[in-house]
Amino acid sequence: MTPTRRPAMDSYGPWSRRFLMGLIAANVIGAALMLLSCVGLSDQARLNQQVPWLSLAVIAILLASTADVGWLIGGRRNLLIRRIDLLAPFVDAATPEAPAPWPSKEVVVVAGRPVLHRPSCLLVAGKITEPINVDEANAKPSRRCRVCEP
Ligand SMILES: [Zn+2]
């Protein structure tokens, strides 16, 4: 595993400056549209005259919330990539063999979590794990750990 996908990690955490500027712009535009909607609604007494302004308010909320959810998902993805890059040298040293066919014979899960790990995975070190057999792994909706690739 080579650290080639590393996202920019600077003083903005897992987000790039460009990403944060986009988030701020989307929220400022959303707030401005919401304010415009409120002003437009304030002097409309009839429902059919209010509908366009309410639609604008919905668009403003969707714009801001989409940007915020994208911000959270993007940050989470970049943190995962960063964690994989940081753990890669240790995982490579701990699991020198090539990944076994899906799923490998020895896999474990952390209680209540669907992710399958090798018993030697650093992400399960110190946690209470349950061994899981191949049939059980195939029967449950689960996914492979991206760090240890069981
Ligand atoms: Zn793992």
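In the predicted model, strand S2 (residues 115-117) and strand S4 run parallel and are joined by two bridges. Within this pair, Leu116 of S2 lies opposite Arg144 in S4. Strand S2 is also joined to S1 by two bridges, here in the antiparallel sense, and the bridge partner of Val109 in S2 is Leu116. Leu116 thus appears in both pairings, facing Arg144 in S4 and Val109.

S1 and S2 form a hairpin with four residues between them. In the turn of this hairpin, Gly112 has a positive phi of about 85 degrees. Strand S1 (residues 107-110) pairs in addition with S3, antiparallel and over four bridges. Val107 has Ile132 as its bridge partner in S3. Taken together, the four strands make up an open sheet of mixed pairing, in the order S3-S1-S2-S4. Strand S3 (129-132) and strand S4 (143-144) are the edge strands, each pairing on one side only.

The sheet belongs to a protein chain with three helices and four strands. Read from the N terminus, the order of elements is α-α-β-β-β-α-β. The protein chain has 150 residues, of which 12% are buried. Of the contacts in the protein chain with a separation of 6 or more, 63% are between residues 24 or more positions apart.

Confidence in the model varies among the elements. The average pLDDT of the protein chain is 82, and 83% of the residues score at least 70. Helix H1 has the highest mean pLDDT among the elements, at 94, whereas helix H3 (residues 134-139) has the lowest, at 72. Where pLDDT is low, predicted coordinates should not be read in detail.

In soluble globular proteins, nonpolar side chains tend to be buried together. The largest nonpolar core of the model consists of nine residues, namely Val107, Val108, Val109, Leu116, Cys121, Val124, Cys145, Val147 and Cys148. S1 gives the most to this core, with three residues. Two of the core residues, Val107 and Val109, also take part in the strand pairing described above, Val107 with Ile132 and Val109 with Leu116. Cys121, another member of the core, is in contact with Cys145, Val147 and Cys148 when neighbours within four places in sequence are left aside.

Glu149 is located in the segment after S4. Its phi is positive, at about 45 degrees, although the residue is not a glycine. Most residues other than glycine have a negative phi. Glu149 counts as partly exposed because 18 C-beta neighbours lie inside 10 Å, a number below the 20 required for a buried residue and above the 12 that would make it exposed.

On the other side of the sheet in sequence, Lys105 is found in the loop between helix H2 (47-94) and S1. Lys105 is exposed, since 9 other C-beta atoms lie within 10 Å and the limit for an exposed residue is 12 or fewer. The C-alpha atom of Lys105 is separated by 9.0 Å from that of Ile132, a residue 27 places away along the chain. Ile132 is the residue in S3 that forms the bridge with Val107.

Two further positions lie in the N-terminal part of the model. Trp15 is placed in the segment before H1. With 20 C-beta neighbours inside 10 Å, Trp15 counts as buried, because the cut-off for a buried residue is 20 or more. Apart from neighbours within four places in sequence, Trp15 is in contact with Leu20, Trp71, Gly74 and Gly75. The C-alpha atoms of Trp15 and Leu79 are 9.2 Å apart, with a separation of 64 residues along the chain.

Asn27 is found in helix H1 (residues 17-42). Asn27 has 17 other C-beta atoms within 10 Å and is therefore partly exposed. Not counting residues up to four places away in sequence, Asn27 touches Ala64 and Ala67. The C-alpha atoms of Asn27 and Leu63 are separated by 7.5 Å, although the two residues are 36 apart along the chain.

Methods:
Residues are numbered from 1 along each chain as its sequence is written. This is a predicted model: local features need pLDDT of at least 70, side-chain atom pairs count only at pLDDT 80 or more; totals for chains, interfaces and linings use all residues. Two strands pair if DSSP finds at least two bridges between them. Two residues are in contact if their C-beta atoms, placed from the backbone, lie within 7 Å. A nonpolar core is a set of buried Ala, Val, Leu, Ile, Met, Phe, Trp, Tyr and Cys residues joined through C-beta atoms within 7 Å. pLDDT is the predictor's confidence in each residue, from 0 to 100.
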